[in-house]
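Here is a friendly walk through this model for someone meeting it for the first time. Please keep the structure open beside you as you read the points below.

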Amino acid sequence: MLAYFLKRIAMAVPVLWGLTVIVFLIMALIPGDPATAILGAYATPENVERLNRQLGLDRTLPEQYLIWLANLLQGDFGRSYSLNRPVIDEVLERFNATLILAGAALLLCTVFGLLAGIVSAVRQFGWTDRIVTFFVLIGISMPSFWLGLLLILVFAVNLRLLPPSGMYAVYGGGDLADLLRHLVLPAVTLAVVATGVIARLTRAAMLEVLRQDYIRTARAKGLSERRVIYRHAFKAALVSVIPVIGIQAGFVLGGAVYIETVFQWPGIGRMLVQAISTRDLLLVQGGVLVVAASYVLFNLLADLAQHALDPRLKT
Amino acid sequence: MTGISRALKGALAALAMAGFAVSGLQPAAAQTPPNVLIVGQIAEPKSLDPHAVTAVNDFRILMNVYDGLVRYRDGTLEVEPALATGWDISEDGKTYTFRLRQGVTFHDGSPFNAEAVKFNFDRMLDENHPYHDTGPFPLAFFFSAVEAVTVEDEHTVTFTLNEPYAPFLSNLAYPTGLIVSPAAVEEHGKDFGRHPSGTGPFRFVEWQSNTRVVVERNPDYWDGAPALEAVVFRPITDANTRVAEMLAGGIDLMVEVPPDNIARFAEDPAFKVHEQAGPHVWFLILNMKEPPFDKKAARQAVNYAINKQALVENVLQGTAEIAAGPTPPAFAWAYNEALEPYPHDPQKARELLEEAGYNGEEVVFYVTEGGSGMLDPVAMGTAIQADLAAVGMNVKIETYEWNTFLGEVNPGLEGKADMAEMAWMTNDPDTLPYLTLRTDAFPENGGFNSGYYSNPEVDTILEQARQATEQEERAALYKQMQEIVHEDAPWAFVANWKQNAVSTARVENFDLQPSFFLLLKDVAKP
């Protein structure tokens, strides 16, 4: 198990390295540069050149990349030119916020996705199944940024039950209760699509398992239906659902970009959007690296969980 | 089985309860505390070092933390004393001697004096200054005419310019001319932008990334302590979310309200809508090097063809006024009141196009997707395309993202496009025409004259205006320039943006400034 874990981690290194090259090339290829972005209307060739020199952007691309890589290997992510602070400080601070949001969303979508899937499968073609399937379909189809605005309108503007945006109250607040109040709307919004996907797959996997002979055997043995479903069917179905949860974790991280913008959540998705629009290469690199590394890690965790659950994969 | 659906229902109920429980079962009747003003900003500031930033959004905070040697008089774009109590300008317009206000200290306790002034400008302009590396200072070229800053005595400082440069005073009133504490720069170095210290009405308290910037009352302010105890600036990038926060009571004041929402706030007595025309002009650059716009008749035709009334009323929903010429009316002292906008006259436009020999050739029109001061560029571009089609012009729109757009437009339109959208906001009536309408400002000379307008008379007038130090003399020259440019029509003059803001009814004494700065010293919120 440990060998497998280490092998997977080692495999992630070239993936991450390749990613930095790709991001670097994309940022170099898209038109516009940081100096133009900073100077805006005042971007004369002369001003741009002077600013580029001050920002250290007058070197060739390979030179810039190698300098960045050499610094990175020493643990230095560089300094963001749009924010004028070390990249690593900004990235970690923002990633922490995203983890809280994505973690809450992942918890919600896993719990509700699994429950909805199981209920649907057990009551196949019954009313419960139809209602759940209907809501699952709506959840999957709804654009999440729109749902977010709708929730803000209802719960924050009209009912005034929850704050419309931010992570903590601007004045006072700052404790756990304050965080939870701010977390409810964005986490629910972010979880909706993934809940639908997990529910559908759980339903399909459960239906598949419920048709198996050993389930009939279990029922014939006189086990309670509850025990049949949770102990026998669900555990088997979970094996095929877990990798999907791992993938959904990636989607939740990606979806956080919109949700963070709508709810002004100070996370890494919003940071990346700003970094790209100001052509802040080092900040983009740092942000992408951290997100990609966590994506790799989530999938690895899902695989490990699958290993632990699936007797066929045990060696 | 019932167990499962019970579990599902239970979980749903728990989630719903959680939402209510954490909100304390009370509607979060968001009332912001008295004497604390919460301002909804459009973005996180980049830095609180006034010499390092370029965005109006950042200036809104900085103008309340720092002072310059001079400032704009309330409600105008005319310069009045601030940290300097007075000044003398030499006959040749090259030497400015400032008498400094005495007894002023920076928020960190260090004294404001002539040495501090010298430090500020040397840091920006002298590459060998020990703290030049705390930059970059992208707008330092505002002061590129400054050759030397000399300390005469503790409270007298002299600026020597390499040429007469009339906009110098109003550039000093711009945020790039704000005075920072040398002691704080020395202490924090590159991180000064996160530990700002000035002499302004509010002192910096904290900056929590992406959450808030807090400043508090400076009780010792030389111009009288402000009424508010504190101001909190909150970055809310999404305009819809900003509106939602305003409606939910989470902020007291928001700027750049989307036009669609203005009516809603105006009808509600709980809110006040503020409007103020600023030094902004939105126009089309016409490429004068190539047909059809090498002919004056064709350029005037575009000006007659565009229905500016419909643009400002329908597309911009009243958030702008029709522009008559190249200078915004906000520069009241330099604005030519006699100038009338080109009327919407499609018949006249058709005649002029015929006179110019235009025969339905394709006209390439660069449109941007967004960008500073560009208002609603895609909708405006499309409306203009339709207006021009109505008089027989075959306009092809090419749309670019803002940075790409600038990269295409700034080097000049020759061989690429016939028209391009553009907007400028400046602090002096000199800046825009000097950078965009002179022969010496062609892109190859490092200027922004992307449409290649060249009129020796205008060149002479603008040079003279720069050398004149008397405001009346400058005003007369700018008025003359506006008349000529209006007639030559190197641009299609479209709109002057009115800045807007919405506050709650509790906010008192708040006025938007023509400079687009946000000045909060006299604002109260009992």
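1. A term to start with: the bend at a residue is the angle between two fitted axes, one for the seven residues ending there and one for the seven starting there. With that in hand, look at helix α7 of chain A in this predicted model, where a kink of about 25 degrees is centred on Ile152(A).

2. It helps to see the whole of that helix. α7(A) covers residues 144–158, which makes 15 residues. From the first C-alpha to the last, α7(A) reaches 20 Å, close to the 21 Å expected at 1.5 Å a residue. Just after the helix comes Arg160(A), and its phi is positive, near 55 degrees.

3. Which residues of α7(A) are buried? They are Ser144(A), Leu147(A), Gly148(A), Leu151(A), Ile152(A), Phe155(A) and Ala156(A). Ile152(A), where the kink is centred, is thus one of the buried residues. The cover over these residues includes α8 (176–210) and α10 (225–263) of chain A, and also α6 (239–248) of chain B.

4. Now step back to chain A as a whole. You will find twelve helices and two strands there. Starting at the N terminus, the order is α-α-α-α-β-β-α-α-α-α-α-α-α-α, with the two strands following four helices. The C-alpha trace spans about 85 × 55 × 35 Å along its principal axes.

5. Two further values describe how chain A is packed. Of its 315 residues, 44% count as buried. Among contacts in chain A with a separation of 6 or more, 71% are between residues 24 or more positions apart.

6. The two chains touch, and 59 residues of chain A and 54 residues of chain B take part in the contact. On the chain A side, the elements giving two or more residues are α2 (34–39), α3 (45–55), α5 (87–122), α7, α8 and α10. The largest share, nine residues, comes from α5(A). By residue type, the chain A side divides into 37 nonpolar, 13 polar and nine charged.

7. Turning to chain B, its secondary structure comes to 15 helices and 18 strands. Along the principal axes, the C-alpha trace of chain B spans about 80 × 80 × 40 Å. Why does the radius of gyration of chain B agree with a compact globule? Because such a globule of 526 residues would have a value near 24 Å, and chain B has 26 Å.

8. The packing values for chain B are worth noting too. Buried residues make up 51% of its 526 residues. For contacts in chain B with a separation of 6 or more, residues 24 or more positions apart account for 70%.

9. How is chain B divided into domains? The assignment gives domain 1 (1–25 + 33–65 + 200–252 + 506–526), domain 2 (67–186) and domain 3 (280–497). Taken over C-alpha atoms, the centres of domain 1 and domain 2 of chain B are separated by 31 Å.

10. Finally, look at where those two domains of chain B meet: 17 residues of domain 1 are in contact with 18 residues of domain 2. On the domain 1 side, α2 (56–62) and β8 (202–208) of chain B are the elements that give two or more residues. The residues on that side of domain 1 divide into eight nonpolar, six polar and three charged.

Methods:
Residues numbered from 1 in each chain as written. Chains lettered and ligands numbered in written order. Predicted model: local features only at pLDDT ≥ 70, side-chain atom pairs only at ≥ 80, totals over all residues. Buried ≥ 20, exposed ≤ 12 C-beta atoms within 10 Å, placed from the backbone. Contact = placed C-beta atoms within 7 Å. Expected span 1.5 Å × (residues − 1). Nonpolar A, V, L, I, M, F, W, Y, C, P; charged D, E, K, R; others polar. Domains from an automatic or database assignment. Rg over C-alpha atoms; globule rule 2.2 N^0.38 Å.
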